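Q: I have a structure open and have never looked at it before. Can you walk me through it?

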Amino acid sequence: MYLHLGQDTVIRKEEILGIFDIDTSTVSAITRNYLSRKEKEGSCITVSYELPGSFVVCTDKTGKETVYISQLSASTLLKRTEEIY
């Protein structure tokens, strides 16, 4: 199954490691450093240039992590994953 993150971005549900609220999770310096490192590595994809609401951490079959920054809230994305079931 797939999860629509907004705009034209769709990811496989099986690849999702976590869905995080951007406002509450970026309070921590560890999370800010993680997101900064992923941006420098080129493995951070911005879904929309609107105000971000969440970020989704995914991994593919090879173990490569990708971070998607979405304008949708974490609660909206979570509801979408529940609808899949």
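A: What follows goes through the sheet, the cores, the cysteines and the salt bridges in turn. Keep in mind that this is a predicted model.

Q: OK, sheet first. What is the strand order in the open sheet?

A: The order is β3-β5-β6-β4, so written for a sheet of 4 strands with mixed pairing. The edge strands are β3 (16-21) and β4 (44-46), and each of these pairs on one side only. From one strand to the next, the twist averages 20°.

Q: And how do β5 and β6 pair? What sense, and over how many bridges?

A: The sense is antiparallel, and there are 6 bridges between β5 and β6, the latter covering residues 65-70. One residue to look at is Cys 58, whose bridge partner in β6 is Thr 66.

Q: What holds paired strands to each other, in general?

A: Strands of a sheet pair through backbone hydrogen bonds, in a parallel or an antiparallel way.

Q: Which strands does α2 touch?

A: Helix α2 packs on the sheet and touches β4, β5 and β6. The direction of α2 makes about 105° with that of β6.

Q: Now the inside. Which residues make up the largest nonpolar core?

A: There are 9 residues in all: Leu 3, Leu 5, Ile 11, Val 47, Val 56, Cys 58, Tyr 68, Leu 72 and Leu 77. Strands β1 and β5 (54-59) each supply at least two residues of this core. A second, separate core has 8 residues, among them Ile 22, Tyr 34, Val 67 and Ile 69.

Q: Is there a general reason to look for groups like that?

A: In soluble globular proteins, nonpolar side chains tend to be buried together.

Q: Cys 58 came up twice. Is Cys 58 buried or exposed?

A: Buried, at 2% relative accessibility. Leaving aside neighbours within four places in sequence, Cys 58 is in contact with Ile 11, Glu 15, Ile 16, Leu 17, Lys 64, Glu 65, Thr 66 and Tyr 68. Ile 11 and Tyr 68 also belong to the largest nonpolar core.

Q: How many disulfides does a search of the whole structure find?

A: The search finds 0. Cys 44 is in no disulfide, and the nearest cysteine sulfur to it, in Cys 58, is 11 Å away.

Q: Why is there no bond for Cys 58?

A: Because its closest cysteine sulfur, the one in Cys 44, is 11 Å off, which is too far for a bond. The cut-off for a disulfide is 2.5 Å between the sulfur atoms. Cys 44 also counts as buried, at 18% relative accessibility.

Q: Switching to charges. How many salt bridges are there in the whole structure?

A: A search finds 4. One of them joins Glu 14 and Arg 12, with the closest N and O atoms 3.4 Å apart. Glu 14 is partly exposed at 47% relative accessible area, and Arg 12 is partly exposed too, at 36%.

Q: What about α2? Which side chains meet Glu 41 there?

A: Arg 37 meets Glu 41 in a salt bridge at 3.7 Å, N to O. Lys 38 meets Glu 41 in a salt bridge as well, at 3.3 Å.

Q: Why can Arg 37 and Glu 41 be set against each other along the helix?

A: They are 4 residues apart in helix α2 (residues 29-41), which means a separation of about one helical turn. Lys 38 and Glu 41 are 3 residues apart in α2, also about one turn.

Q: Are these residues buried or exposed?

A: Glu 41 is partly exposed at 47%, and Arg 37 is partly exposed at 42%. Lys 38, by contrast, counts as buried at 8% relative accessibility.

Q: Which residues are linked in the salt-bridge network?

A: Arg 37, Lys 38, Glu 41 and Glu 65.

Q: Back to the strands for a moment. Where is Thr 9, and what is in contact with Thr 9?

A: Thr 9 is in strand β2 (residues 9-12) and is buried, with a relative accessible area of 16%. Beyond its neighbours within four places in sequence, Thr 9 is in contact with Leu 3, His 4, Val 47 and Tyr 68.

Q: Last one: where does Met 1 lie?

A: Met 1 lies in the segment before β1 (2-6) and counts as exposed, at 54% relative accessibility. The C-alpha atoms of Met 1 and Glu 65 are separated by 19 Å, with the two residues 64 apart along the chain.

Note on methods:
Residues numbered from 1 in each chain as written. Predicted model: local features only at pLDDT ≥ 70, side-chain atom pairs only at ≥ 80, totals over all residues. Heavy atoms only, no water. Buried < 20%, exposed > 50% of the residue type's maximum accessible area, 1.4 Å probe, protein only. Contact = heavy atoms within 4.5 Å. Core = buried A, V, L, I, M, F, W, Y, C linked by side-chain atoms within 4.5 Å. Pairing = 2+ DSSP bridges. Axes fitted to C-alpha atoms, helices over the stretch in contact; angles between N-to-C directions.
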